[in-house]
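User: Hey, I've got a model open and could use some help finding my way around it. Mind if I fire off some quick questions?
Analyst: Go ahead, I'll keep the answers plain.
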Amino acid sequence: MSFGILARRPETGSLVGLLLVFAFFSVMGGAVFIGAPGWSSWLNIAAEVGIIALPVGLLMIAGELDISVGSIIPASSVTAAVITGYFGLPVFLGIACGLGVGLIVGYVNGLLVTRTTIPSLIITIGTMFVLMGLTLGLAVLIAGSTSVFLVPDPTTKLLLGTFIGGMFNVSIFWWVGFSLVLFFFLHVSPIGNWVFALGGDRVSARNAGIPTAGLTIALYMLSGFAAAFVGILQLMTYQNAQVAAGQPFIFNSIMCVVIGGVMLNGGAGSVVGIVIGTATFSIVNQGIFFSGLDPNVGSVIIGVLLLTAVLSNDGFRALALKYSTKKR
Amino acid sequence: MSPFLRRPEAAAIISLFAILAFYAALGGVNLGTLFGAASWLNFAANLGIVAIPVGILMIGGHIDISIGAMIPAGSMTIAILSGYYELPIWVGILGTLSLAAVVGLVNGILTARTTVPSLIITLSTLVVMQGVVLAGANLLTGGSSVALTSPDWAKSVFGSLIGGSHQVVIFWWMGFAAILAFLLHKTRVGNWVFAMGGDLVSARNAGVPTTRLTIVLFMLSAMSAAFVGMCGAIQFNSAQVSGGMGYIFNAIVSVVVGGVVLTGGFGSVLGIFVGTITFAIVSQGIYFTDIDRNWSSLIIGVTLLLAVAMNESFRKFALRSGPKPRASAQAIAVKA
């Protein structure tokens, strides 16, 4: 690969950031951070936020946002906990209903975004508040509490909420699985090109015959499903659903995506970039506790990474345009 | 339809009356008690001082979520300067507003000079400032709770309770709204904001100094947020470092319920003002009703979605039947 091809790739800058951050915390955190405790602590965080960051990133490539994920996580876990833990119905029914909540909210988001001219930021803030109120109100009404318990059976616990070796949450494998599936979806299958076309120019994409409305709805259902899935993973891990959990995931997932080089200005980005961004975010987020620094310095580092990504974005675009105009 | 429905604040006023009717009919609220209460008015004033400049930014086509960090930043800065270092209170006030001006400047320059959306840029400065404020406070003062004793004049101007219940910031909010309403709707600069939000490139080609205007608007929103934090610190005699994040979505919801279109070019200060009151009555007024307060988020979400739906249909109507010859910046911008 020539320098041009390498520098033109949007994830090159993100990878440099990842390596720098890892090197920094390896020096600061020492053997504990490089060993299993360090890896498991940031991988566990990365898996949960990463499963959501992937579809949120796809939406951002298509030029849309999804704020409602912050309410879907608790809505899904509370639904499953009420059905299986409170009413004692089979666990697969609880999981199916929890995931169903995510799919339905995603469908409503997609429908409202495609049928109106209201920006997706506003629509998903609206559905976030609606779902937050419904979760809180119904949980108190039905279960009489804002926190619902569920003790999963061994198989469910093994698949969705166990710590391998006492450290590595099984959610890491789910994150890897999601990444592979979405990599295939975005970069190999023909539909992936539609997503880029949608973010690049919606009207042209529709004129070219791309089913833009259907695709947008599908992407929202995907992010709703992913958020609901994380809600289920949290429920099976901690055996307890809290109505207020989930809000930090809104901005955290967007940050992972931005550090990964997707800027919401449409049509550019990659799954590899989003995964790198998620890993970088999580290493800073957890590494700071191994480093002996004031934990708030972690926010500063993440902020600087974000600003660097923002600033290098235009630089990379200019470079990409410069190299792509030259014929090899 | 009447000319009223063509105005940007129409949906906000209808929403406010709908909420009051809903609370009175189903919640059994005593409207006299509700209007006499300070809780929602204090809430509205603090939120409103931030929501108005955020709304004007949105009319100009941008968004600022870094306000979520600037409120605690303002609170902490004045407490460190005038509380911990015991500098005169006016030095603390100037220092707080200067810090906010710098953050606004950075937001503005990055937004004007790059192609990255302002949401992403202000998300970055939000995180940076969160870290800088808390880490800075720990570093300088050895803790995150800093006390502040203000002289009487500062206390009465920025942080007193009138009649023992109403915060003095209510007057700041009203004064601020009046000044910004004049600037936005009666001056040339105000027209520039609508023009910029309607079509940035055309506005620049028509000679609007879009870069400078963007920077000034971001500085205004950062300084307003820091001002709210500062007043809180003066009132409660200590820095309040938590609670800024809630303002981000609350301000956006107030602005949008107030009839501002996020894509820019349409809205009014009166609308944002009424939208903020609506939001405050929904979230704080629920304590005066028989309705379980757990449902307040649901009511907020439904109000938001209904208000934007109303705004959209009214705007379409305004576009179809608006007075043709008097093509104001608003009418031009409506095409977006």
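User: How many residues are in the largest nonpolar core, and which ones have the most contacts inside it?
Analyst: This is a predicted model. Its largest nonpolar core has 236 residues, and the ones with the most contacts inside it are A:Leu306, B:Met70, B:Ala226 and B:Val256.

User: Take B:Ala226. What is it in contact with, leaving aside neighbours within four places in sequence?
Analyst: B:Met70, B:Ala73 and B:Gly74 are on the list, along with B:Thr96, B:Leu97, B:Leu99 and B:Ala100.

User: OK, the two chains. How many residues does each one put into the contact?
Analyst: Chain A gives 38 residues and chain B gives 38 residues. On the chain A side, helix H6 (120-143), helix H12 (247-259) and helix H14 (296-325) each supply at least two residues.

User: And by class, what's on the side of chain A that touches chain B?
Analyst: That side has 24 nonpolar residues, 12 polar ones and two charged ones.

User: You mentioned H6 of chain A. How does it pack with H5(A)?
Analyst: Helix H5 (residues 91-115) of chain A and H6(A) pack at about 145°, and their axes are 10 Å apart. H5(A) passes H6(A) in a right-handed crossing.

User: Which residues make that contact?
Analyst: From H5(A) you have A:Val105, A:Val108, A:Asn109, A:Leu112 and A:Val113, and from H6(A) A:Ser120, A:Ile123, A:Thr124, A:Thr127 and A:Leu131. Six of the contact residues are nonpolar, four are polar and none is charged.

User: Those numbers often step by three or four. Why would residues at that spacing point the same way?
Analyst: An α-helix has 3.6 residues a turn, so residues three or four places apart point the same way.

User: Over to chain B. At what angle do H4 and H13 cross?
Analyst: Helix H4 (residues 39-59) and helix H13 (residues 245-257) of chain B cross at roughly 65°, with axes that come within 9 Å. The crossing of H4(B) and H13(B) is right-handed.

User: Who meets whom there?
Analyst: B:Leu47, B:Val50, B:Ala51, B:Val54, B:Gly55 and B:Met58 in H4(B) meet B:Tyr247, B:Asn250, B:Ala251, B:Ser254 and B:Val255 in H13(B). The split is eight nonpolar, three polar and no charged.

User: What about the loop before H13(B)? Is B:Ala239 buried or exposed?
Analyst: B:Ala239 sits in the loop between helix H12 (210-236) and H13 of chain B. B:Ala239 counts as buried because 28 C-beta neighbours lie inside 10 Å, and 20 or more is the cut-off.

User: Which residues is B:Ala239 in contact with, beyond its neighbours within four places?
Analyst: B:Ser75, B:Met76, B:Ala79, B:Ser145, B:Val146, B:Leu148 and B:Ala233.

User: Back to chain A. Where is the kink in H3(A) centred?
Analyst: Helix H3 (residues 36-61) of chain A has a kink of about 35°, centred on A:Gly50.

User: Why do you call H3(A) largely enclosed by the rest of the structure?
Analyst: Because 22 of its 26 residues are buried. After H3(A) comes A:Gly63, which has a positive phi near 90°.

User: What else is in contact with A:Gly63?
Analyst: A:Gly266 is in contact with A:Gly63, as well as with A:Gly199 and A:Gly200. A:Gly266 is in the loop between H12 and helix H13 (271-291) of chain A, and with 20 C-beta neighbours inside 10 Å it counts as buried.

User: Any odd backbone angles outside glycine? What is phi at A:Gln239?
Analyst: About 60°, positive although A:Gln239 isn't a glycine. Most residues other than glycine have a negative phi. A:Gln239 lies in the loop between helix H11 (212-238) and strand S4 (240-242) of chain A.

User: And what is phi at B:Glu86?
Analyst: Near 55°, so again a positive value in a residue other than glycine. B:Glu86 is in the loop between helix H5 (67-84) and helix H6 (89-113) of chain B.

User: How do those two fare for exposure, A:Gln239 and B:Glu86?
Analyst: A:Gln239 is partly exposed, with 15 other C-beta atoms within 10 Å. B:Glu86 is exposed, with 10.

How values were computed:
Residues are numbered from 1 along each chain as its sequence is written. Chains are lettered from A and ligands numbered from 1 in the order in which they are written. This is a predicted model: local features need pLDDT of at least 70, side-chain atom pairs count only at pLDDT 80 or more; totals for chains, interfaces and linings use all residues. Two residues are in contact if their C-beta atoms, placed from the backbone, lie within 7 Å. Helices (H or I, at least four residues) and strands (E, at least two) are DSSP runs, numbered from the N terminus. Ala, Val, Leu, Ile, Met, Phe, Trp, Tyr, Cys and Pro count as nonpolar, Asp, Glu, Lys and Arg as charged, and the others, Gly among them, as polar. A nonpolar core is a set of buried Ala, Val, Leu, Ile, Met, Phe, Trp, Tyr and Cys residues joined through C-beta atoms within 7 Å. A residue is buried if 20 or more other C-beta atoms lie within 10 Å of its own, exposed if 12 or fewer, and partly exposed in between; C-beta atoms are placed from the backbone. Axes are lines fitted to C-alpha atoms, for helices over the stretch in contact, and angles run from 0 to 180 degrees between N-to-C directions. A crossing is left-handed if the near helix is turned anticlockwise from the far one by less than a right angle, and right-handed if clockwise. The bend at a residue is the angle between axes fitted to the seven residues ending there and the seven starting there.
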